[in-house]
Every structure is written in C-alpha cells, then in structure tokens.
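Reader: I am new to this structure and would like a close look at one part of it, with the neighbouring details that help to place that part. Please explain each term when it is first needed.

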Protein chains: 2
Amino acid sequence: MSETRSGRRSGGRAGRQALRASTAVDRVPFLTRTMAPFEVLSAEGLELIEHNADTLLEQVGIEFRDSPEALALLRDAGADVDGERVRFPRGMCRQIVQATAPRTFTQVARNPANNVEIGGMNTVFAPAYGSPFVSDLDNGRRYGTIEDFRNFVKLAYVSPYLHHSGGTVCEPVDLPVNKRHYDMVYAHLRYSDKPFMGSVTHPERAEDTVEMARIVFGADFMEEHTVILSLINANSPMVWDSTMLGAARAYARANQAVLMTPFILAGAMSPATVAGTVTQTLAEALSGMTYVQLVRPGAPVVLGSFASSLSMQSGAPTFGTPEPALVLYAMAALARRLGVPFRSGGALTASKLADAQAAYESTNTMQPTVLGGVNFVLHAAGWLEGGLTMGYEKFVLDHDQLGMWHAFARGVDLSENGQAIDALLTNEPGTHFLGHPHTLANFETAFYRSPVADNSSFEQWSLEGGIESARRANPIWKRMLAEYEPPPIDDAIDEELREWIERRKASFPDSNV
Amino acid sequence: MSETRSGRRSGGRAGRQALRASTAVDRVPFLTRTMAPFEVLSAEGLELIEHNADTLLEQVGIEFRDSPEALALLRDAGADVDGERVRFPRGMCRQIVQATAPRTFTQVARNPANNVEIGGMNTVFAPAYGSPFVSDLDNGRRYGTIEDFRNFVKLAYVSPYLHHSGGTVCEPVDLPVNKRHYDMVYAHLRYSDKPFMGSVTHPERAEDTVEMARIVFGADFMEEHTVILSLINANSPMVWDSTMLGAARAYARANQAVLMTPFILAGAMSPATVAGTVTQTLAEALSGMTYVQLVRPGAPVVLGSFASSLSMQSGAPTFGTPEPALVLYAMAALARRLGVPFRSGGALTASKLADAQAAYESTNTMQPTVLGGVNFVLHAAGWLEGGLTMGYEKFVLDHDQLGMWHAFARGVDLSENGQAIDALLTNEPGTHFLGHPHTLANFETAFYRSPVADNSSFEQWSLEGGIESARRANPIWKRMLAEYEPPPIDDAIDEELREWIERRKASFPDSNV
C-alpha cells in the first residue's frame, strides 16, 4: 500500500515531466482577448440589478435543501436561516466572495502545455455537456454509449481549437448510472491530456473523481493546484439541492473548481424579462459561491449563467434569440464587477440537425460569448436539440468556428508588417496585390482557413456533388478519429487507475439511479 | 406638357399625403441602437490608420479615370493632379468632407412612415444587391428575371424587418441591359413604398432614376430632400472609374445620396492584412467623398466598406471569416471619427444554398454589422454564393434574424415591469413563474418569436417530417407573396411614370451593354 502511495505521487510527477516534452497534437493556447467587452448596461443599470439581487436574497432568500452542514455554515457566517430557507443581509454574499474567491485561477492539465487560465481576459472552449443522445449522418440519432463518449474526448483532444476535454460529453447510457463516472473520468484522463470536468451526480462520485485525479496528479499536488472543474447547477428558482451542494462541497474541500450555474429557462424558472432573469441569476450564483467560499475560503469558483428564453406559446426552450444574449452580456459585466471568472455561452441551438437554424442560433450565442468576455465556455462544440443531442457533424462545424475566434481575438495587427504601408506605397493604382512581395510573405498566414467551408464556384461545387456543409463535415470527424493517437501516460499510473476503478466497481452493485 | 409638369408636382405631394393615412403593412421602424459600439482598435490605433491613409493619398494618390470634370474640381480644390493621378495634401480630404457632408440624413420614402434616418445610432436594413442568379428549393438556381425582381421588392415590402427596398435585388436578365433600369426603378416605386436605390450602371441611367423620382416626389421637393440612395464602388486598388463617378455626380448634383464604397477582396485588391485593407479603404472612400462634396457641398454621402478575405489557396472570396469582421469594426470606428454615416455588413456567405455554412457566415457578418454600428446595411437578406445568387429561402431565414436584431437593439428594459422585482419578491423558491401575474402580463411580448425556427421535441419534429430549416422557409416566402397587396399610388402619377418610361424606351434601341 505504501509503495502504491509513493508510486502514485512520484509517478504523477514523473508522468507530468515526461509529458512536458511531448507536443504530439497541434494546439492553440486558450484565447486571450485583446478588446474591451461589449456592454449592454451602464454602471447605473448594473448597480440597480445588484441592488435588486440583494433585495431578493434579503427578503425571499434561497433554499439549501437537505444540507444541514450548509445551513450551519451559512448561519455561522451571519445568514438568517429559517428551516431550509436562507436569507442574507445586504452585501454579505458579495463581501464573502470578494474576500477569498480568486479573480483568476489555473486549471492544471495532465499535459502542462494544456493548462488553462480561467478568468480575466481569457476564454477557454470546452465541448458540449450532458446529452443523452448522439447523432451523425450515417446512423442518425441514438442513445450515447461509452464509445461515443471516448470519441468526443478524442475529437476534443485532436482539435487545436478546444482547450478543454469537458465533462459529460455525452451520457454513456450503456453503462450503469452509478458506475459510469469511472469510465467517463478515466476516458478524460487516458484519452486526452487536456483539462477535464468531474462527476456531480452524487457527492460520492465527486469524491471518486478527486481520488482518480490524485492517482494521476498526486494528492499533495492537488492541495496546491486545481486539476478538476465541475458543473454545479442551481435548481431555479432559488433552490440549491443536496446532490449539487454535496458535489460542490467535495470539490471545494479538495481545492478543486466549481461552476456555480443557475440553469434558467426564462419565463418558467425566472420572470419573463431580461432584467428579472439577470437579477435572479446573480442572486442564486452569489449564494452558491458564498457557500463554496465558506466550505474552503479561496477555493476556485466560477460564476455561471445559462439562460434560454422559453417559447411562451409552446413552452419549449429556444436558443440564439436576442433576450438570452442580453442576459449573457449583463451577467458577464456583473461577474467582472464582482471580480470572479464567468462561465456562459456555447454553440446552443434547438435544431435537431446541423442545418441553417443550428448555425444561426449557435453563432448568435457564440458571438456574445466571446464579445461579452466569457471565461469558460461549456457547450462550445457539438450541441444540438437544446442539449439533448451531441452531434458529430455539428462538432466539426462548431470547432471550425472556434478556430475563427482565435484569429479574431488576436485583434488588428498594427506591426509594421500588419500596417502594410510599404506595400501600399509601392503598389500602383489598378494593380492587384497578388504578386506583391508583401502578399507573398503573408500568403500562408494572412487569413483564417476553414477546413469545411466551401468557397468554390457553383459549377465546381455542383461537379463535386452539390454537398451541403453538414455532409462535408461527416468525413472530417472520421478522419480526426482515424488519425487520433492517444497521448502518452505513465504505465504505472494507468495500471493503478485501472486497478482502483476495478476495485471500486466490484465493491457495490450496479444501479441505474 | 405643362399640365403634366404641374400634375407631377402636386400629384406627388397629394400622393404622399394620401399615403400618410395608410399603414397597410406591419412595420418596425429602423433600429436605433442603445449601446456603444464594439471597438477593436484604440484611439491611437485609429489615428495611426488615418495617418497611413493620408500618406497613401499624398504619396501614391488615386486615379480618377476618364473624368476631366472630376480632375478639374479636385485640382481647383487643392489636389495635385498629374494626368489622371490625384494626390491629396495631408488632411485635405478630411477637411472637405467634415466641412459639408452631413453627419446624418433622412431618406424620404414614398410613404413617409417608411422614411429612414441614416447615420448616428441608427441601423437600416436593405436586401441583398446585384446578383445575376436567383434560387429557390423548387426551381434551383437560374438567371434572375424581372418577375424575380418584383418578387423580392414585394418580399422586402411585406417584411416588417427590412426598412428599405434596396436596389438591384437581382438582375432582371430577361430585359435588355440598357433599359432594365426603368423596370427596376418602377418596381421599387410601384410595388413598394419603402425607400429605394437608383441605377449606377451608366450616368444617364442615374439621371433617368432621378427623373422618375421627380415624377413621384416632385422636382422641388427633391432639391430639399433625399429620396434616392445609390451604390458607388471604387475600382480598388486606388481607382475611381468614369461610370461610377458619372453616376455619383448625377445623384450628388440632384442632392441625392451615394454610398462611396471600396469593394475589396483583401489579398488581391488590397494588402493581405487587416490594417492595410482598412488603410486603403479609408483612403479610397475619403477621396470619393471629397469628390462628391466638391460636386455639391452638403450632398448626403455615406462611407462604405465591403471587404472579403481572399482564400490565399484557391483565390476565391470567403465570407464570415474573422479578418473582414475586424475590418468592419475598424472602418465603423473611422467613419464615426470622420463624422459620416457608415455602410457595410450584411448576411454574407460563399455557400451555394441556405445550409449551416450560409448561416454561420451570415451571422458572423451580421453580428459585427449591428454591434459595430453600421448605419446602412446592404445585403441584409437573401445573399448567397458570394453575391452571385439571391435566395428565396435564404431571404426568409435572414429576415427572421433581422427581426431578432430589433429586439436586441432595444437593450435591457429597466422599467419597473422590466426589473420584475415584484415578481421576484412574490414568488416562492422552487415555484415556477408560468402562472405568475407578471408572466401572464408579459406573455405576448416577452421574447422574440421566430416564424421559422423549430423548437419542438425531436419526436414532434420527426412526425412532421424531420424538415430542415431552409425547407421550412420555402412555404413562408410563398405565403408572403400570396398575401402581398401593393401599396396605394396616385393613378395620375402611376400613369405619368408608365408613359414616361414608354417614351424613353422607344427613343433608343435595345442593347446588352
């Protein structure tokens, strides 16, 4: 046992050092935006929202359900606890969060070259999360399996534009509910070396995730470093449930990061206005972040916001519409004022396939995501059908868009070469620039090159079959998977991980709860 | 003849008065944005670009070809004219433009309820312009006809989200080149009562456009008011040709507005960098606007920018990519600094059909269009295939997006109802808002309602045929055309227009030049 423990630690470190040398996969670092974010509210407007959120926390409060430990912590910190209802004196949450929550933090990856900095002017892209179904053009829509899960881990690993392996890239429905997290976390740790997300479906599964990470990274290392980021959703309106609180507690205690995210279908789970939805989101997130800071002051925490507007006619959630974009911009500004990293956005759509609707809607969310200054972008690639389906072709199309954002975020190059004044002054009117030395010097890197857009003539395109873009994306994900090579891992660590998982799986019966 | 002339004037006025009472078509006024534009360059960066543009105009200059009158005007104003090459002392163009060009102007429509204000915080949407082909899902891609032209005029008229009838909504290829402008301008004047664009393919056709407008609006009225807006493209790099200059002169002399627009495929018609392309665009536009202000000081003029990045591999123009978005944001800021209205943007794509590529690319341009603060948006609906095709289904999908921009541009409602604080304070944690009086009171208008997005369940969508979004758009344009009713027009004016056209058409032979 002690050998194993010591092997765990030094193996972890040795593994990390070995991997430092390896850069098998093309990668682009996370985005560091160079432009001030787009703002939809004035400072006065934002103050009004903050005031209203404080009023809501003070007068109505929020429920922390089945969590006596949370209630005790909150009471001790000065909240008014009445049963499970917790009311906060004005400013209390803000004060606690601002006192200890980091403005920005590093999530360490198995390959340190893939570490991400979450907060500030940085933007990190992660794949879509949580869908029970997957779809591709060959086999249509079907329940996700662990094979699909591994495929999406591999695709995100291969993509130079996804900085993160994500979490539940799809539900592996072929595995028992109470054990599938072992295979999911193992897939992230083994088939990728980018940062990843942990299980949140039960506090024990969160603890399992932490244990598995300790085998890879070493327990001491994790006391000082964050290697897991996990998604904690509020049960809006104004409820935190014990599953989510328990998972948040497990991670925070281990100094691992959580995204405290109200998931809101506006009109049902919040008032049917932008300002009302923003107010409630801020109140819920503040209370959740406060809890995390009380569990472990300084534990990394991200203010999350997921808002969709409900179709007030059919009751269905809608995506890519103007009101959630306004919510996103406003919440991003509120997170900046609070001084914490912000999670929102993604390539969201209600469409069932990667058609024009999917692309309009996805882009209508991704544009605010980047221009508004989101720090951690879950659902940046693959999302379909309101999150019920992870699409292979959609993933390819979205990932191409993420590539474009890298070029955009660099901003306008005002270097001498960028200004091109010599080119302008040596080119005669009416003479094209194609053969100019400046053009030839910039030829390779001048403009973003899409792997999937078709820019050829109608005639050429027709000759090639007149294929629409989702169909063109189909061979691309197949090629990405075919060319995938797993990142190296220390054999001892891999063996320890596998043995640990085997022991845990054998220690209790399968269940689908 | 004199009766006709007098009838022309009073008929015009009477017609306008009669129409003031009519509001047959649902309409939404042009956008008045409430948020500061997104900026990609600092003031120092913009100054550097302005400095470089002045250097380009001073050292290389620009050619005004086959236009002795332009050369004489520019020489008299202080430019250095050498053959057809015109070099400008530093600051000269800026000084002339700022002295007399209006910061904002009204384009009067046949129905004054449809007048648009071009400049400032306003954004006006016009359909795509200039395609020789049209396409729809029933008949595929084919040359445009005058029937297609009239259809798109009718669709833009029926759409509450297009503020403008546009110009060459498609080329009516079934009509002779030298006479089709009569039918095009007539279609705008007769089948719509929104503002429109004039012919620019020959100076005489511009004069014909002005004559036709005088029949409808009255010659005196047009001396004081702008009723035509026309698109003048530079022949980049650094050339204005006599056709475009002649058309610009005809309109400016008549106090009608022109969009002085460098049309640039970056890498071929400008250097292969964003800053180089912006510098050249500014220099070209400044010289063109200067000419217009010398023709008639105070004539309305719009700084235009159309930039696509060339695929440096295939030589094809690409759309919706990051570099042209940066050009757009930078040019919008430069136009604001100059103090003139700005034209750019649109729903641009290289795709041959309304697929995901078309929607990603279109949205990637429309987002900067609105967030960057474009004042006049040509190509806001229908554009396909790099502008070679006007798509019926694409028009419907784009127009839905324009509807969303109206909701977005209003910004966050911070009224008492918008804040929804009463709703938040009277709702119990865990209780949904669907039945709350505040929700019921806001039910109808809470969120933008798309006529074409499908938000239903996978099962419902499958039962209804599993139809992708372009296919759903097909019956919508048919219904819009079926429900179209022409706006009223004074019979005497209509007769005079028709007779005038007949006489003009009969006065010279058909030609396809």
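Author: What follows begins with the contact between the chains and then turns to the inside of one chain, its loops and a sheet.

This is a predicted model, in which local features need pLDDT of at least 70 and side-chain atom pairs count only at pLDDT 80 or more, while totals for chains, interfaces and linings use all residues. Residues are numbered from 1 along each chain as its sequence is written, chains are lettered from A and ligands numbered from 1 in the order in which they are written, and side-chain values use heavy atoms, with hydrogens and water left out.

Where chain A meets chain B, the contact (heavy atoms within 4.5 Å) takes 112 residues from chain A and 112 residues from chain B. Between them the chains bury about 9,200 Å², of which 68% lies on carbon and sulfur atoms; buried area here is the accessible area, taken with a 1.4 Å probe, that two parts lose on being put together, summed over both. Of the area that chain A buries against chain B, K352(A), Y360(A) and F447(A) supply 9%, more than any other three residues.

Charged and polar groups also meet across this interface. Four salt bridges are found between chain A and chain B, a salt bridge being a side-chain nitrogen of Lys or Arg within 4 Å of a carboxyl oxygen of Asp or Glu. One salt bridge joins the side chains of R85(A) and E428(B), at 2.7 Å from N to O. The interface also holds 36 residue pairs in polar contact, both residues at pLDDT 80 or more; a polar contact is a pair of N or O atoms within 3.5 Å, where within protein one must be able to donate a hydrogen and the other to accept it, and where residues adjacent in sequence count only if both atoms are side-chain atoms.

On the side of chain A that touches chain B, helix 12 (residues 356–372) gives the most, with eleven residues. Helices (H or I, at least four residues) and strands (E, at least two) are DSSP runs, numbered from the N terminus. The residues of that side of chain A divide into 57 nonpolar, 36 polar and 19 charged, where Ala, Val, Leu, Ile, Met, Phe, Trp, Tyr, Cys and Pro count as nonpolar, Asp, Glu, Lys and Arg as charged, and the others, Gly among them, as polar.

A420(A) gives a local view of the contact. This residue lies in the loop between helix 14 (416–419) and helix 15 (421–425) of chain A and, leaving out residues up to four places away in sequence, touches H438(A), P271(B), T273(B) and G276(B). A420(A) counts as buried because its relative accessibility is 2%; buried means under 20% relative accessible area, exposed over 50% and partly exposed in between, with a 1.4 Å probe and protein chains only.

Inside chain A, helix 4 (residues 92–100) has M92(A), C93(A), R94(A), I96(A) and V97(A) buried, and its buried residues pack against helix 2 (43–59), helix 3, helix 10 and helix 11 (322–338) of chain A. Helix 10 (residues 274–295) contains Q293(A), which counts as buried at 1% relative accessibility. Among the residues that Q293(A) touches are I96(A), V97(A) and A299(A), and a polar atom of its side chain lies 2.8 Å from the backbone oxygen of A299(A).

Some backbone details are also worth following. Most residues other than glycine have a negative phi, and most peptide bonds are trans. A cis peptide bond joins S236(A) and P237(A), with omega about 5 degrees, and P237(A) is found in the loop between strand 11 (228–234) and strand 12 (239–240) of chain A. In chain B, a cis peptide bond joins S236(B) and P237(B), again with omega about 5 degrees. Phi is positive, near 50 degrees, in D66(A), which counts as exposed at 60% relative accessibility. Phi of H379(A) is positive too, near 65 degrees, but H379(A) counts as buried at 4% relative accessibility.

H379(A) sits in the loop between strand 18 (376–377) and strand 19 of chain A, and strand 19 belongs to an open sheet of four strands with the order 9-8-20-19 and mixed pairing; two strands pair if DSSP finds at least two bridges between them. Strand 9 (140–143) and strand 19 (383–384) of chain A stand at the edges, each with a single partner strand, so one side of each lacks a neighbour in the sheet. Strand 8 (residues 133–136) and strand 20 (residues 389–391) of chain A run parallel and are joined by three bridges, and S135(A) has G391(A) as its bridge partner in strand 20.
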